[in-house]
Amino acid sequence: SGRVYMESSLRKLQKIEADILQVVSKICDEEQIRYYLSSGTLLGAVRHQGFIPWDDDIDIMIPRPDYERFLRVASEKLPPYLALCHYTKDCNYPFRQAKVVDKRYQLVREIFSDNKAYDVWIDVFPLDGLPKGRLSLTAHKCWITFHMLTLKLSRLNYHGTDYSKRTWWQCAVLKANKVIHFSRLLSMTKEIRKFNDFLSRYPFEQSEWCINCFGEYIYRESFPISWLRDGRKISFEGESFSAPQEAEKYLTKVYGDYMALPPKEQRTCKHSVEFISRENRL
């Protein structure tokens, strides 16, 4: 049946991503780069000792100084079938965070009206410092919101212009774009670079709190750096990986009662995907 096919396809995808994670973890350990499982991947490790059964991606977070070092060394250390993707390496790269991809396999993702094929990936997010003091923090969040808005405007045409699967306000912005052409006035790569430069303003090592600004949860993924410390090992898909020392506090801040399963109707793969094996590409 289609459901059985989808489940077996999802499981194969998860195993490929877990293999990418193993390679990345080995590089980080060899280079003494701090990394931590994050968001749904960490939740899966704590609650399921592996993937959340219906999840289809892997997320890790790396403190900004280590993240910059990872960007420098990863390409040399990765095996030939894997590649590091980042806006500094490809001017058409549309994502804020880095990805490590397996070039032998692809996913076709449906986003709004658009279907695009991507090499199978894991996400690598930077952790950035936050300013002290309520006033400075409020101003910082306002600038984060501004940068997120300009980046979204620069990407307006990236996922197609079909209005049928958009919200009313997204339709309004798309119509305005036909007149003002935000996406022509704003360079996607420049906006990603500005956002990264802005987030680096408060050095991680001199901060008490940090944030994963490029993840799904943004401000819910701001937390005391002390929760990370030297990390602790946690089991994920039968292997051992690094997690925040206070993983439970982090998960509570992001998800609330994280051990409670969502309703059955919400236990679905968040990306509409078609999995393609292209092992003969290399």
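This report walks through the fold, core, one helix, one hairpin and the cysteines of a predicted model.

## The chain as a whole

Let's start with the overall picture. The chain contains 8 helices and 10 strands. It has 282 residues, and 51% of them count as buried.

Sequence separation is worth a look too. If you take the contacts between residues at least 6 apart in sequence, 67% of them join residues at least 24 apart. As for the outside, the accessible surface of the chain is about 14300 Å², and carbon and sulfur atoms account for 53% of that surface.

## The nonpolar core

Now to the inside. The largest nonpolar core is made up of 78 residues. Leu37, Leu42, Phe70 and Val100 are the residues with the most contacts inside this core. Helix α1, spanning residues 2-30, supplies the largest share of the core, with 10 residues.

Phe70 is a handy place to begin exploring on screen. Leaving aside residues up to four places away in sequence, Phe70 touches Val24, Cys28, Ile33, Ile62, Leu84, Val100 and Val124. Val100, one of these neighbours, is also among the residues with the most contacts inside the core.

## Helix α8 and its cover

Helix α8 runs over residues 247-255, and its buried residues are Ala247, Tyr250, Leu251 and Val254. These four lie on the same side of α8 because they cover an arc of only 95° around the axis. The spacing rule behind this is a familiar one: an α-helix has 3.6 residues a turn, so residues three or four places apart point the same way.

What packs over that side? The cover on the buried residues of α8 includes α2 (39-48), along with the strands β2 (59-63), β7 (222-224) and β8 (232-236). Just after the helix, Gly256 adopts a positive phi of about 75°.

## The β8–β9 hairpin

Strand β8, part of the cover on α8, also pairs with strand β9 (residues 239-243). The two strands run antiparallel and are joined by 5 bridges. One bridge links Ser235 to its partner Ser240 in β9.

Together β8 and β9 form a hairpin, with 2 residues between the strands. In the turn, Glu237 has a positive phi of about 55°.

## Cysteines

If you are thinking about cysteine chemistry, note that the structure holds 0 disulfides. Cys28 counts as buried because its relative accessibility is 0%, and this residue is one of those that Phe70 touches. Cys85, with a relative accessible area of 23%, is partly exposed.

Key
Residues are numbered from 1 along each chain as its sequence is written. This is a predicted model: local features need pLDDT of at least 70, side-chain atom pairs count only at pLDDT 80 or more; totals for chains, interfaces and linings use all residues. Side-chain values use heavy atoms; hydrogens and water are left out. A nonpolar core is a set of buried Ala, Val, Leu, Ile, Met, Phe, Trp, Tyr and Cys residues joined through side-chain atoms within 4.5 Å. Buried means under 20% relative accessible area, exposed over 50%, partly exposed in between (1.4 Å probe, protein chains only). Contact means heavy atoms within 4.5 Å. The arc is that of the directions from the helix axis to the C-beta atoms. A disulfide is a pair of cysteine sulfur atoms within 2.5 Å. Two strands pair if DSSP finds at least two bridges between them. Accessible areas come from the Shrake-Rupley method with a 1.4 Å probe; for residues, only the protein chains shown count as cover.
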